[in-house]
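Here is a quick tour of a protein model for someone who works at the bench. Have a look at it first, and then we can walk through the parts worth a closer look.

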Amino acid sequence: MKAHRGKLPVSIVVSVIGGLAFAGLIFIEDLRIVTGISIIKLNASKLQGIYNSTMILRRGERQRRALEEGMMDEENKIMFDPKRCSVTEGKWVFNESKYLPYDDTTCPYIDTQVSCKRNGRPDKEYLYWEWKLDNCTLPRFDANSMLEKIRGKRMMFVGDSLQRAQWASFVCLVYSAIPASKRSMRNDHGIFIFTAMEYNATVEFYWAPFLIESNTDEQIIPDPNRRILHVDSIVNHARHWEGVDILVFETYIWWMSGQTIKSVWGSFANGDEGFEELDSTIAYKIALKTWANWIDSRLDPNKTKIFFTTMSPTHMRSADWNHDENIRCFNETKPVLKKGYRGTGADRRMMEIVSGVVARMKTPVTFLNVTQLSEHRIDGHVSVYTESQGRVLTDEQKADPEQYADCIHWCLPGVPDTWNQLLYAYL
């Protein structure tokens, strides 16, 4: 980078000041020989001040060089190209000047469950980390540009509460670019629909935690042992996906409630009584095949874009990142910065099943590969700044992270915003 004309580089200024300080010391000590008095002893505090000023300038020079090197690194990167850029190869960089387009006190569409600031989280550094790709420049989310991309379209997020958070993040990222009189939100028989009227666009969320049908779809059954999946039935859900221009699917965490899952095929007179205990990975594979077959047989790839958000990792085992003394993600305030870090909170077998099923589909499906980048964010979970049974945790409950720390869901604003940054880049 060229120095500004008419200004001396900081390095030269540092050298001059240092040189003058040193020359002054020699001159002062020469006076001591004549007078017999050591000025160094008399003015130690002043000399310490000169030294401190010099060190500050040198530190500023190092920071300037680091900034310039970082800018040059960014300049050398290619613009994002899905065919050439890997979103898994990167690092989290702290940027305290990062612009936050919303927070959980300004965006009205964020559930209390993930409203960490509103629920009393005292730190805010988790908001200012950015995912930087190694060899490419990931574009920043631009609300106006994104609204143009979905103009005249229906967009729908389908999945569980993690997918609902991605939907809420997306809505919050664009809503401030729309006048209040030109936007609306409604619940249409369980489908949450955000409408951008000027753009004739909707951004919707449809609850289907397993994608396929189950007895816990309409009314959540907390006890996993009472849940029964119809692994080859999807029509009741899928009829809501027809006519949608952009579909973003996700399903993972609900499959991890145990080694086996009660499953049935088809519809029988005895209802759910004829279930069979299937290994969760086998049930997952059957369910995804059911989903894939419906996509391939019912949707036109020329009219509908399909995305699949990969698994969101949990952070239940602090020993994974060598914080044995901690309780899961509780009190974590920084990401794991080790390159390529992987913990135990993402089941690789499930990931391989998804990859295998999608590879055999005739309809193109774009992966939003959020797993690797989210692995590092042990600091981004709601932890104890959440709710339980519809109520924000009390101080007594927050003091018991062993029982109450939620290391599955993410704070908003937070990590799901980066997932939508990837979605923006692909669109």
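The notes below cover confidence, the core, one helix and a few backbone oddities.

## How far to trust it

This is a predicted model, so to speak of local features we need pLDDT of at least 70, side-chain atom pairs count only at pLDDT 80 or more, and totals for chains, interfaces and linings use all residues. Residues are numbered from 1 along each chain as its sequence is written, and side-chain values use heavy atoms, with hydrogens and water left out.

The average pLDDT (the predictor's confidence in each residue, from 0 to 100) is 86 for the protein, and 81% of the residues score at least 70. Residues 1-47 have pLDDT below 50, and this stretch has 26 contacts (heavy atoms within 4.5 Å) beyond near neighbours in sequence. Residues 66-70 are also below 50, with 1 such contact in the model. Where pLDDT is low, the predicted coordinates should not be read in detail.

## The core

The largest nonpolar core (buried Ala, Val, Leu, Ile, Met, Phe, Trp, Tyr and Cys residues joined through side-chain atoms within 4.5 Å) has 110 residues. Buried here is under 20% relative accessible area, exposed is over 50%, and partly exposed is in between, using a 1.4 Å probe and protein chains only. Phe 170, Trp 241, Phe 249 and Trp 291 have the most contacts inside the core. Helix H5 (residues 161-175) gives the most to it, with 10 residues. Helices (H or I, at least four residues) and strands (E, at least two) are DSSP runs, numbered from the N terminus.

What does Phe 249 touch, leaving aside its neighbours within four places in sequence? Its contacts include Trp 241, Trp 291, Ile 295 and Phe 307.

## Helix H7

Helix H7 covers residues 280-298, and its 19 residues should span 27 Å at 1.5 Å a residue (that is, 1.5 Å times one less than the number of residues); the end C-alpha atoms are 27 Å apart, which agrees. Among the buried residues of H7 are Tyr 284, Leu 288, Trp 291 and Ile 295.

## Backbone oddities

Leu 412 and Pro 413 are joined by a cis peptide bond, with omega about -5°. Pro 413 sits in the loop between strand E19 (406-410) and helix H12 (415-426).

Two residues other than glycine have positive phi: Asn 322, near 65°, and Ser 383, near 55°. Asn 322 is in the loop between strand E14 (305-309) and helix H8 (348-359), and counts as exposed because its relative accessibility is 63%. Ser 383 lies in strand E16 (residues 381-383) and, at 5% relative accessibility, counts as buried.
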